[in-house]
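Here are my notes on the model, set out as numbered points. I hope they help as you look through it.

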Amino acid sequence: MRSEICWGGRGTVAVWPKNEAENPFSGRILRILDMNSMLTLIKKNPKLALGVVLPLILVALRRVINSLRALARQKELKELADEKRRHRDAILEAMDLPECKREREIVQMTATELLSRMESGDLSSLEVTIAFCRAAKRLQGSLVCLAETDFETAIAMAKQRDIERKEGKIRGILHGLPVSIKDQIDMKEFDSTCGLSCRCFKPAHEDAVLVKLLRDAGAIPFVRTNVPQCLFLPECFNAIWGETKNPFNLERTCGGSSGGEAALIAARGSPLGMGSDIGGSIRGPAFFCGICGLKPTPGRTSYKGIAVPRLNGISGQKIIPPVSGPMARCVDDLNLAMEVLVSEKAFKADCLVSPIPWDKSIYEKKGSKKLKFGYFIQDGYFDLCSAGERAIRETVEALRKDGHEVLEVKWDFSKLVWGFVKCMSAEGGMRGFIEGLEGEKLHPTYSFIYHMANLPGWVRPIVSTAMGLLGKARVAKLVKEARARTTYDYWGAVGELDFNKKQLIKLWTEMGLDAMICAPIGLPAFPNQQSAKCMQSCSYTFMWNAVKFPAGVVPVTQVKPEEEPYEGRPDPITEAAKIANKGSAGLPMGVQIVSLPWRDELCLLAMKAVEDAVKWRIPLPPMALPEED
């Protein structure tokens with residue numbers, strides 16, 4: 001909490017307590033202490049001064065002091081963020097990377113293709129690593145996608161990998177491949193900022209288990225990528241690294257929180273990356289940037305050594321757990337990564353990882369096994385845009401032509417979305433995130449969500465009723481449900497979510513489905529700094545986090561000019577969606593593929609079936625390749 005202090009005329013002091021974001025519903029009252037009036041009261045009645053006026057003065061002074069401390073802390077954190085950014089930029093500027101004659105050719109290859117070419121001897125790890133280091137450095141100028149770089153170490157490791165290959169000492173299936181890492185996943189001697197200024201210059205003492213597994217398989221971490229402040233919005237911005245752009249339209253967001261990863265991979269700056277997902281943070285950016293991404297079943301991959309944007313790095317929110325997963329340009333690359341992440345080494349390094357070995361035989365059935373898909377168009381919460389509906393229908397048609405069975409599923413999926421909203425807002429007021437900032441100012445983009453979270457209890461029923469009377473039922477329910485809850489209410493919300501999950505599993509198994517097809521997000525990539533107003537369109541990712549189902553994204557088409565108009569129920573959420581969808585022509589569109597918990601291999605197999613059936617490849621972003629000599 002902080003206060004704004006205003007000095008008026010004739011000794012008037014105005015003290016207005018405020019939270020990090022202005023809240024018109026806070027119920028705070030402007031307190032004015034007129035010094036001249038108080039002096040008159042003190043002279044007339046000294047006891048009054050001692051009993052009433054003096055305590056008021058002390059309260060005002062305490063607030064002044066707290067306000068000054070808060071301002072000093074904000075200044076300190078801003079200077080820290082500025083220093084960290086200058087440090088990153090200086091390293092980038094000073095790094096004189098070697099030439100790479102085949103850079104244009106190399107960066108267009110998938111991870112699978114690169115590994116095959118390195119194995120055959122046609123490419124060296126050194127060539128590949130230099131090519132991607134050069135690409136990442138070049139792309140930083142337009143996309144602002146990098147957090148920190150480790151080019152020098154990566155090039156040295158690439159040389160060592162080439163020596164090892166010549167000696168027949170292959171470390172693993174990713175031998176010699178450069179990989180990018182989200183700025184949340186610990187790498188020794190690097191910060192995991194989570195977009196928080198207070199985390200600057202606090203390097204990790206060891207690698208996260210995920211990074212250790214990659215290194216053991218021969219991979220070479222070479223860069224860390226940008227995230228949003230607090231990792232909470234489908235956008236990438238913070239006071240340290242800046243705002244990451246979408247490679248297909250710089251006026252649009254790359255998504256979040258693994259947005260730096262998605263932008264870099266889509267623009268051919270990395271062949272394979274690692275992200276995390278608690279509400280769509282892998283799938284949303286993958287969808288916005290036209291790449292593939294997988295959110296595994298929580299517990300299938302390690303989360304040890306992955307930072308949490310809360311005070312002291314501790315979060316008690318466990319009912320909807322985060323999960324780490326891979327991001328790449330094709331499904332085969334995701335499968336390669338999962339073979340590494342789900343292994344005996346992972347079980348030994350992290351006892352919280354489920355000891356279910358990766359079943360390679362399931363994915364090896366690609367192209368031969370015919371699957372049974374379910375699909376739905378609308379989730380009942382957010383009205384899917386027309387381009388999203390077309391993407392699903394074209395995917396369904398392509399799968400049927402390939403011999404797969406596809407059935408429409410009729411069920412109220414909004415029940416899962418409301419379960420997510422209730423559980424994730426239960427602490428009230430975004431308190432955990434505010435505490436995690438440790439005095440840093442909350443980014444203005446959060447203001448809409450912050451206002452909603454901080455509506456006083458007595459105001460909520462009034463606003464909710466008013467919205468209902470105005471025909472805005474969705475907003476009315478959102479105001480009612482996105483609130484702080486007692487333990488009893490929270491348990492009730494968890495129980496309701498669990499019941500709905502069991503009902504869905506029952507329907508799923510009765511239909512005999514292998515996988516479900518739906519939209520990843522209800523809109524294509526949002527305009528920059530509009531994610532908070534459009535966040536409800538992420539309902540299609542929220543629901544699968546709520547029930548802990550594995551889910552992935554596959555790009556299948558692009559928005560057509562005639563699909564820019566948006567239609568939905570009449571409320572402020574729809575109005576924001578109409579604005580966001582204007583100018584979206586040409587942006588990537590994909591579908592989301594979902595399987596039952598612990599069926600991650602089947603989820604990837606279904607994603608591969610979609611990829612093969614649709615046979616569509618996203619065009620190169622305009623800045624993807626270096627200029628030809």
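1. Let me begin with a helix on the sheet: α5 lies across β4, β5 and β6 (220-225), at about 10 degrees to β6. Helices here are DSSP runs of H or I with at least four residues, strands are runs of E with at least two, and both are numbered from the N terminus. Angles run from 0 to 180 degrees between N-to-C directions, with axes as lines fitted to C-alpha atoms, for helices over the stretch in contact. Contact means heavy atoms within 4.5 Å.

2. A word on the source: this is a predicted model, in which local features need pLDDT of at least 70 and side-chain atom pairs count only at pLDDT 80 or more, while totals for chains, interfaces and linings use all residues. Residues are numbered from 1 along each chain as its sequence is written, and side-chain values use heavy atoms, with hydrogens and water left out.

3. The sheet itself is open and mixed, with 11 strands in the order β4-β6-β5-β11-β13-β12-β17-β18-β16-β14-β15. Two strands count as paired if DSSP finds at least two bridges between them. At the edges are β4 (146-149) and β15 (405-408), each pairing on one side only. From one strand to the next, the twist averages 30 degrees.

4. At the β15 edge, strand β14 (residues 372-375) pairs with β15 in the parallel sense over four bridges. Phe373 has Val406 in β15 as its bridge partner. Phe373 also appears among the residues with the most contacts inside the largest nonpolar core.

5. That core has 189 residues, and Leu174, Leu214, Phe413 and Trp544 are also among those with the most contacts inside it. Apart from it lies another core, of five residues, including Ala147, Cys200, Ile240 and Trp241. A nonpolar core is a set of buried Ala, Val, Leu, Ile, Met, Phe, Trp, Tyr and Cys residues joined through side-chain atoms within 4.5 Å. Buried means under 20% relative accessible area, exposed over 50%, and partly exposed in between (1.4 Å probe, protein chains only).

6. Helix α7 lies across β5, β6, β11 (272-277) and β13 (323-328), running at about 180 degrees to β5. Leaving aside neighbours within four places in sequence, Leu214 is in contact with Leu174, Val179, Ile181, Ala219, Met274, Val340 and Leu341.

7. Please look at Ser125, which sits in helix α5 (residues 125-143). Ser125 is buried, at 2% relative accessible area, and its side chain reaches the backbone oxygen of Gly176 at 2.8 Å. A polar contact is a pair of N or O atoms within 3.5 Å; within protein, one must be able to donate a hydrogen and the other to accept it, and residues adjacent in sequence count only if both atoms are side-chain atoms. Beyond four places in sequence, Ser125 has contacts that include Met118, Ala158, Arg161, Asp162 and Ile220.

8. Asp207 is in the loop between β5 (178-182) and α7 (209-216), and it is buried with a relative accessible area of 13%. A polar atom of its side chain lies 2.8 Å from the backbone nitrogen of Lys188, and the side chain also makes a polar contact with that of Arg215 (2.7 Å). Not counting residues up to four places away in sequence, Asp207 touches Asp186, Met187 and Lys212 among others.

9. Ala263, in helix α8 (residues 259-266), is buried at 0% relative accessible area. Among the residues that Ala263 touches, leaving out those up to four places away in sequence, are Leu143, Cys145, Pro247, Cys254 and Cys289.

10. Some backbone geometry deserves a check by eye. A cis peptide bond joins Gly256 and Ser257, with omega about 10 degrees; Ser257 is in the loop between β10 (249-253) and α8. Asn312, not a glycine, has a positive phi of about 65 degrees; it lies in the loop between β12 (292-295) and β13 and is exposed at 65%. Lys615, also not a glycine, has a positive phi of about 55 degrees, lies in the segment after α23 (600-614) and is exposed at 62%.

11. What about disulfides (cysteine sulfur atoms within 2.5 Å)? A search of the whole structure finds zero. Cys198 is not bonded because its closest cysteine sulfur, in Cys200, is 8.1 Å away, too far for a bond. Cys198 is buried at 2% relative accessibility, whereas Cys351 is exposed with a relative accessible area of 70%.

How values were computed:
A disulfide is a pair of cysteine sulfur atoms within 2.5 Å.
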